[in-house]
Amino acid sequence: MHEIAPQYSAALNYRKGRKWPDISFKYLAMVGALMIVLLIVLVGYELYRSSSLSVHQFGFSFVKNLAWDPAADIYGALPFIYGTLVSSLLALLIAIPLGVAAALFLTEVAPLSIRQPIITIIELLASVPSVIYGLWGIFVLIPWMRDSFYPFLKSTFGFLPLFKGPIYGVSMLSGGIVIAIMILPIVTSFSREVLRAVPDLQREAAYALGATHWEVIRIAVLSYAKRGLFGAGVLGLGRALGETMAVTMVIGNSPVISASLFAPGYTLASVIANEFAEATTDLYMSSLFELGLVLLVITLIVNAIAQLMLRQLTNGASAKN
Amino acid sequence: MTSIDNLKKRIIIGTQVIKPTVSVIPAFEIRNLKLWYSQNQALHDVSFDIAANQVTAIIGPSGCGKSTFLRSLNRLHETIAGSRMEGSIKLFGDDLYLKSIDAAYVRRRVGMVFQKSNPFPTMSIAENVLVGLRLNGVNDQKFLKQRLEESLRLSALWDEVKDFLDRPGVSLSGGQQQRLCIARALAVQPEVLLMDEPCSALDPIATMKIEELIQTLRTKVSIVIVTHNMQQASRCSNKTAFFYLGRLIEYSETRTIFTNPLNPQTEAYVSGRFG
């Protein structure tokens with residue numbers, strides 16, 4: 001055994017007395033982490049409990065049933081599931097190319113002096129309350145769509161089922177466009193973070209091989225960042241699925257399934273927001289809760305699929321530098 | 001003459017460009033080179049010739065402008081916003097900084113290897129080596145295959161990787177990755193190879209392999225190597241340039257620089273009294 005010199009043993013005792021901040025910090029942090037897990041479990045449980053009436057009544061047919069008729073106490077979720085998925089995917093189709101292009105401009109092309117102003121404006125875009133996008137959608141976007149853009153689409157691409165049928169203005173496509181505008185800031189700023197994380201050494205490797213600016217972006221930047229850009233898309237999809245206010249204002253709120261993008265639709269989030277105040281019967285309320293449960297499950301499934309795809313994308317190509 | 005067409009032809013034929021007066025024309029003629037990053041002047045009035053088919057080492061303490069100088073030789077400094085240069089640099093007689101000359105064209109004639117190996121992580125070993133040729137529009141499979149083997153043999157990597165050319169480039173060890181980057185640079189048959197402290201992130205054995213490689217490559221390509229390691233400079237180079245505070249202090253035969261330098265600053269640096 002070593003003998004501890006008296007002056008050190010005093011210090012040792014002193015340090016023993018000072019251990020409690022470490023211990024309390026450890027448990028405090030653990031409680032914080034557990035709270036988040038608990039919260040998710042509780043939300044899921046509450047949705048399940050409140051929807052149990054509807055679950056027992058309709059079983060699995062709830063998600064396959066086309067009819068939503070509160071007067072007859074018949075509830076089916078399929079049109080809302082369809083509306084949610086289609087409007088979100090439309091939004092992604094519009095927002096990802098725009099967002100990635102904007103991020104590329106900001107990281108690779110724009111002169112330094114104008115980068116920060118543009119970034120500030122994009123961040124402002126994210127802070128606009130969604131009801132304002134809704135108002136703009138109703139009074140500006142939809143009239144223009146109805147009178148100019150949709151007729152143009154119909155006359156040019158009318159042979160596709162996507163662009164057939166009567167034009168009302170409020171529609172799946174309007175919903176998708178408004179969601180796209182709303183998720184654009186987050187897709188852009190996340191893409192920008194991803195592109196900024198590409199090491200300059202990668203760009204220089206391409207430049208040194210005699211690549212042009214575009215070739216550098218293609219072989220060094222985009223291919224390095226594709227995994228992260230995919231993540232930006234998933235993040236956008238997560239937002240798009242749950243987007244409520246503005247979509248409710250422009251999508252038409254009609255529970256129909258139509259191949260045409262000009263037809264109105266209805267999303268899970270919209271129907272909950274629209275109808276919770278009128279849900280007079282227990283079964284009605286319970287069915288709305290079940291819609292919430294379905295939305296939660298869809299979000300979880302989308303994220304799971306995204307994780308799987310990510311894993312396949314990155315198979316083998318683990319970045320060391 | 002259209003230089004790009006010439007380059008393509010050279011790559012496709014697979015022969016070294018014909019330089020009839022190679023022994024006379026230096027690889028680089030640098031005249032009154034000054035270079036600024038924004039307001040900071042990084043290089044002051046540098047003028048000297050770098051001989052062809054030799055290894056030229058650039059030494060000097062950190063921040064002396066040696067990396068900046070190297071980057072001016074393939075115009076890579078231009079990718080940094082706010083950089084500006086004056087003076088002229090000729091590559092085998094061709095002015096690199098003419099307005100009509102595209103920087104991408106310069107970089108196809110002047111290859112470069114960096115401090116840290118930087119293979120493209122999404123590409124396989126083979127794709128990494130051939131990416132420069134593909135950028136040049138070369139699609140002939142037989143030719144690509146042949147050039148792949150040539151380049152990997154030149155960079156002394158062939159025997160280690162020939163059985164798994166489809167694996168990702170980043171699956172190799174650090175030293176192998178650096179030799180892969182050398183193979184990538186050699187695949188387009190550059191006239192000059194720039195090396196920016198190529199061994200600073202490598203262990204002694206990997207460093208030794210790169211140094212041996214430099215010795216075999218010097219017969220095929222002119223090499224300019226920036227190094228922090230003075231032993232390395234004295235081991236592998238024919239000529240050495242000593243930079244200090246953005247100026248060329250002394251340029252001479254490597255043996256002279258290390259045994260009998262003219263300038264007291266050079267002597268102080270090579271004898272380890274500062275730096």
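## The four-stranded sheet of chain B

In chain B, 4 strands make up an open sheet with antiparallel pairing, in the order β2-β1-β4-β5. The edges are taken by β2 (40-50) and β5 (94-95) of chain B; each has a single partner strand, so one side of each is left without a neighbour in the sheet. The model described here is a predicted one.

Strand β4 (residues 83-91) of chain B runs antiparallel to β5(B), and 2 bridges join them. Within this pairing, Lys90(B) has Asp95(B) as its bridge partner in β5(B). Helix α2(B) lies across β1 (28-37), β2 and β4 of chain B, and runs at about 120 degrees to β1(B).

## The six-stranded sheet of chain B

Another open sheet in chain B has 6 strands, in the order β6-β7-β8-β3-β9-β10, and its pairing is mixed. Its edge strands, β6 (110-113) and β10 (247-253) of chain B, each pair on one side only. On average, neighbouring strands of this sheet are turned by 20 degrees against each other, direction ignored.

Strand β3 (residues 55-59) of chain B pairs in the parallel sense with strand β9 (residues 239-244) of chain B, over 4 bridges. Thr56(B) has Lys239(B) as its bridge partner in β9(B). Helix α2 (residues 66-73) of chain B packs on this sheet and touches β3, β6, β7 (192-196), β8 (222-226) and β9 of chain B. The direction of α2(B) makes about 155 degrees with that of β7(B). Helix α2(B) thus has contacts to report for both sheets: it packs on the one with β7(B) and lies across β1, β2 and β4 of the other.

## The β9-β10 hairpin

What joins β9(B) to β10(B), and in which sense do they run? The two strands are antiparallel and are joined by 6 bridges. Phe242(B) is matched with Glu250(B), its bridge partner in β10(B). Together β9(B) and β10(B) form a hairpin with 2 residues between the strands. In the turn, Leu245(B) has a positive phi of about 50 degrees.

## The interface of chain A and chain B

The contact between the chains draws on 25 residues from chain A and 29 residues from chain B. Chain A and chain B bury about 2200 Å² between them, with 64% of it on carbon and sulfur atoms. Of the area that chain A buries against chain B, 27% comes from Glu204(A), Ala208(A) and Leu209(A), more than from any other three residues.

The interface holds 2 salt bridges. In one of them, Glu204(A) is bridged to Arg71(B), with the closest N and O atoms 2.6 Å apart. Glu204(A) is also one of the three residues named above for their share of the buried area, and Arg71(B) falls within helix α2 (residues 66-73) of chain B. There are also 5 residue pairs in polar contact across the interface, both residues at pLDDT 80 or more. On the side of chain A that touches chain B, α8 (200-208) and α9 (213-242) of chain A each supply at least two residues. The residues of that side divide into 13 nonpolar, 7 polar and 5 charged.

## Salt bridges in the whole structure

Over all chains, the structure has 21 salt bridges. Among them is the pair of Arg203(A) and Glu108(A), whose side chains meet at 2.8 Å, N to O. This pair links distant parts of the chain: Arg203(A) is in helix α8 of chain A and Glu108(A) in helix α4 (residues 78-109) of chain A, 95 residues apart.

Note on methods: Residues numbered from 1 in each chain as written. Chains lettered and ligands numbered in written order. Predicted model: local features only at pLDDT ≥ 70, side-chain atom pairs only at ≥ 80, totals over all residues. Heavy atoms only, no water. Contact = heavy atoms within 4.5 Å. Buried area = accessible area lost by both parts, 1.4 Å probe. Salt bridge = Lys/Arg side-chain N within 4 Å of Asp/Glu carboxyl O. Polar contact = N/O pair within 3.5 Å; in protein donor to acceptor, adjacent residues only side chain to side chain. Nonpolar A, V, L, I, M, F, W, Y, C, P; charged D, E, K, R; others polar. Pairing = 2+ DSSP bridges. Axes fitted to C-alpha atoms, helices over the stretch in contact; angles between N-to-C directions.
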